[in-house]
Structures are given as structure tokens and as C-alpha cells.
Amino acid sequence: GCYQWDLRSEKLVGTFGGLAENNRCSGDYLHDVLSIPNNNHLVLTAGEDGAITFWDGKERKLIETMNVQNTMNTNKQSVSWQVQNKGFGSTQQWSSGSNLWVSSMDNKGDWLAAVGGSESGNNMSLRSGPNTAGFMATWHLPTRTFNSGSVTRESYNAITYNQNLDSFVSGGNNGRLTFWDSATGECTGRSGCTPSMIYTLSCNTVPSMIVAGGTGGSLDCFIDRVKASNFTT
């Protein structure tokens with residue numbers, strides 16, 4: 001479940017969803033929660049069932065559940081294939097079949113980006129890790145309209161928006177940061193990381209910095225797209 005807390009009193013205010021099948025945050029465990037207070041107090045939850053659920057943040061009431069797999073299937077003509085070893089794109093198209101999970105979300109104003117992975121399906125037959133592949137997709141939040149989607153060799157654990165680069169930045173099981181154009185959703189580049197698996201990302205505006213944390217207790221600090229330093233805990 002997803003719980004709302006009052007930081008001043010340190011008390012539980014309420015929960016999003018319940019035990020009813022049609023009122024759950026996820027059909028499985030959650031991976032991410034995104035609060036967008038300046039967009040009608042939206043709260044989004046996403047998890048192992050491959051769905052993004054929209055909530056009224058004030059009333060904690062369900063607005064809509066969006067199945068990412070169905071969205072990608074419906075819009076497969078618009079989904080690109082990002083082949084890591086052969087450039088940033090190809091002509092291969094999405095085909096239906098895989099069961100997805102959603103790992104992480106972030107937004108730039110009215111635009112939502114989400115990343116995740118899959119463990120099966122013929123549309124993700126190219127893999128960078130054991131039986132895994134992934135995706136990155138964007139939507140227009142007010143209309144819930146699909147904007148772009150990419151199938152990737154690697155699965156992703158984290159995504160964040162970088163204001164200085166005007167790009168979404170993702171990381172996962174390929175040991176690299178991947179940069180995505182915030183308007184088109186197209187991959188614009190990659191930067192190598194020390195950790196072979198990236199679990200979390202954070203961006204700072206001034207100074208312009210991206211921090212990637214992953215396996216081995218390692219933190220990489222990037223100035224824009226260039227790795228500037230590494231720390232190991």
C-alpha cells in the first residue's frame with residue numbers, strides 16, 4: 001500500500017487504496033510513488049503489475065489506472081527499439097506479449113516519464129542481463145495521452161528529470177546513464193558508471209550535478225554528462 005504521513009506530527013494521515021481489487025495501488029508490490037502537487041494534487045503509484053495508478057492527492061481517491069503494457073501494445077507503431085551496441089535506434093517495432101513492471105517515474109511539468117523492465121516476451125528477446133530487458137515511455141499528464149516509447153536491452157530501476165540538460169536520465173542493469181530528450185522521448189546519449197547496476201538517481205540544479213548510486217556501495221557524480229568523481233561507502 002501507499003501511506004501518507006504528516007511530517008510535523010509524524011503521524012499517519014491516511015492510505016491510498018484498500019483491499020478491494022478495483023481500489024488497489026498495485027496488484028503486486030509497489031516500486032515508486034510520485035507526488036505532483038501543482039497538477040491537481042496528483043499522486044501516482046507504480047509497481048510490479050505494470051500499471052500506473054492516478055490518485056486524487058487531497059481525497060486519496062482513485063482516478064484512473066493505466067496499464068503500460070496495453071498502452072505500448074496499442075501504440076506499437078510509435079515504439080522504437082533502442083539497441084545499445086548498434087546506435088540509439090533502429091527500425092524494429094514493438095510486438096505484443098511481454099509482462100512489464102514499472103520501476104520509476106518522474107515528470108517535467110505536464111509530461112510524465114516512466115521506466116521499467118520485463119522478464120519474458122518475444123518483443124524483448126535482445127537482453128543485456130539474465131532474462132531481462134526494459135522500456136522507457138512518456139505521456140501527456142492532463143490528457144493521459146501516450147507520447148513516446150522505447151524498448152531497450154537493459155531494464156531500468158530509476159529515472160529523474162535534469163533541468164539543466166532538459167532531459168530525463170535513467171539508470172539500470174547496464175551500468176550506464178541514458179539520456180532522453182524531454183520533448184520527443186528519444187535517446188540522446190549514454191555515460192558509463194562505476195556501478196554495474198544503478199538503483200537510484202538524484203539531480204542538483206546549482207551546481208549542475210547528477211548522482212548515481214548502485215552496487216558495491218558506489219556513488220558516481222556527473223557534471224552534466226561527464227563523470228567527475230566517484231565515492232565508495
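# Contacts, cores and salt bridges in a predicted model

Student: What share of the contacts in the protein chain with a separation of 6 or more is accounted for by residues 24 or more positions apart?
Tutor: This is a predicted model, in which local features need pLDDT (the predictor's confidence in each residue, from 0 to 100) of at least 70, side-chain atom pairs count only at pLDDT 80 or more, and totals for chains, interfaces and linings use all residues. Residues are numbered from 1 along each chain as its sequence is written, and side-chain values use heavy atoms, with hydrogens and water left out. A contact means heavy atoms within 4.5 Å, and among the contacts with a separation of 6 or more, the share from residues 24 or more positions apart is 44%.

Student: How many strands does the protein chain have?
Tutor: Helices (H or I, at least four residues) and strands (E, at least two) are DSSP runs, numbered from the N terminus. Alongside one helix, the number of strands in the protein chain is 19.

Student: Which residues have the most contacts inside the largest nonpolar core?
Tutor: A nonpolar core is a set of buried Ala, Val, Leu, Ile, Met, Phe, Trp, Tyr and Cys residues joined through side-chain atoms within 4.5 Å, where buried means under 20% relative accessible area, exposed over 50% and partly exposed in between (1.4 Å probe, protein chains only). In soluble globular proteins, nonpolar side chains tend to be buried together. The largest such core has 23 residues, and those with the most contacts inside it are Leu44, Ile52, Val68, Val102, Met105, Leu112 and Trp139.

Student: Which residues are among those in the other core, of 10 residues, that lies apart from the largest one?
Tutor: The largest core has 23 residues. Apart from it lies the core of 10 residues, among them Phe179, Cys193, Leu201 and Phe222.

Student: Is Ser104 buried or exposed?
Tutor: Ser104 lies in strand E8 (residues 100-108), and its contacts beyond four places in sequence include Asp32, Ala113, Asn157 and Ile159. A polar atom of its side chain lies 3.1 Å from the backbone nitrogen of Ile159. Because its relative accessible area is 8%, Ser104 counts as buried.

Student: Which residue meets Glu64 in a salt bridge?
Tutor: A salt bridge is a side-chain nitrogen of Lys or Arg within 4 Å of a carboxyl oxygen of Asp or Glu, and the structure holds four of them. Glu64 in strand E6 (residues 61-67) is joined to a residue 80 positions away, in the loop between strand E10 (133-140) and strand E11 (145-152). Glu64 is partly exposed at 31% relative accessibility, and its partner, at an N to O distance of 3.2 Å, is Arg144.

Student: How many residues apart in sequence are the parts that Asp166 and Lys108 tie together?
Tutor: The side chains of Asp166 and Lys108 meet in a salt bridge at 2.9 Å, N to O. Asp166 lies in the loop between strand E12 (156-162) and strand E13 (167-172) and Lys108 in strand E8, so the separation in sequence of the parts they tie together is 58 residues.

Student: What is the relative accessibility of Asp220?
Tutor: Asp220 meets Lys227 in a salt bridge at 4.0 Å, N to O. Lys227 is partly exposed, with a relative accessible area of 39%, whereas Asp220 counts as buried because its relative accessibility is 0%.

Student: What is the mean pLDDT of the protein chain?
Tutor: Over residues 84-93 pLDDT stays under 50, as is the case over residues 121-130. Where pLDDT is low, the predicted coordinates should not be read in detail. In the protein chain 82% of residues reach 70 or more, and the mean pLDDT is 83.

Technical notes
Polar contact = N/O pair within 3.5 Å; in protein donor to acceptor, adjacent residues only side chain to side chain.
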